[in-house]
Amino acid sequence: MSQRPVVAVFNGPNLNLLGERQPEVYGSGTLADLRELCRATTEAHGWDLDFRQTNHEGVLLEAIHEIRHTAYGLVLNAAAWTHTSVAIHDALALVRCPVVEVHLSDVHAREAFRHHSYVTPRAALVIVGRGAQGYVDAIEALPGLRSDPGTG
Ligand code: DQA
């Protein structure tokens, strides 16, 4: 039996509190809602979903290591670590599949400290300010970002 491609969707700190956290910025949907939206999107393409959220940077680093050779694509909202983490930047250099950087809010229209991203230099595509729809768009962009889209 052939294995289905696996799309990794990884989320960084404080995103577990979506719905409660600044809904005027991040919307009223919860992380569970976001996971379900991603699941429906990957399922529509016949792909599996590996959806994770962590508040521990080392856990995210090890998750990136884990999927580095196997994922069909990585959709990453590194949240605040986007703006701080050279370690995540370095880990992404090990990832074979396309990386799409996603932010729910438009980070470029917010505080200056959110304008710099350590993820962007490793990303094939950056999507900001589209809320949960940005995750759907990121997943759907993956075949076009691969050199072998047919495998999906
Ligand atoms: C975020 C934007 C980041 O600046 C912030 O630290 C987050 C969420 C977003 O999805 O808009 O935690 O990545």
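**Ligand environment and nonpolar cores**

In the predicted model, the ligand is surrounded by Arg21, Tyr26, Asn77, Ala79, Ala80, His83, His103, Leu104, Ser105, Val107 and Arg114, a residue being counted if one of its heavy atoms lies within 4 Å of the ligand. This shell comprises five nonpolar, four polar and two charged residues, with Ala, Val, Leu, Ile, Met, Phe, Trp, Tyr, Cys and Pro classed as nonpolar, Asp, Glu, Lys and Arg as charged, and the others, including Gly, as polar. The model is a prediction in which local features require pLDDT of at least 70 and side-chain atom pairs pLDDT 80 or more, whereas totals for chains, interfaces and linings use all residues. Residues are numbered from 1 along each chain as its sequence is written, and side-chain values use heavy atoms, without hydrogens and water.

Polar side-chain atoms approach ligand oxygen atoms at 2.9 Å for Arg21 and 2.7 Å for His83. For Arg114, a side-chain N or O atom is 2.9 Å from an oxygen atom of the ligand. The protein buries 99% of the 320 Å² that the ligand exposes when taken alone (Shrake-Rupley method, 1.4 Å probe).

The largest nonpolar core (buried Ala, Val, Leu, Ile, Met, Phe, Trp, Tyr and Cys residues joined through side-chain atoms within 4.5 Å; buried means under 20% relative accessible area, 1.4 Å probe, protein chains only) contains 21 residues, of which Val7, Val9, Leu18, Val75, Val102, Tyr135 and Ile139 touch the most other members. Leu18 touches Tyr26 and Leu104, among others, when residues up to four places away in sequence are not counted (heavy atoms within 4.5 Å). A second, separate core of 19 residues includes Ile67, Ala71, Ala78 and Val99.

Terms used
A polar contact is a pair of N or O atoms within 3.5 Å; within protein, one must be able to donate a hydrogen and the other to accept it, and residues adjacent in sequence count only if both atoms are side-chain atoms. Buried means under 20% relative accessible area, exposed over 50%, partly exposed in between (1.4 Å probe, protein chains only).
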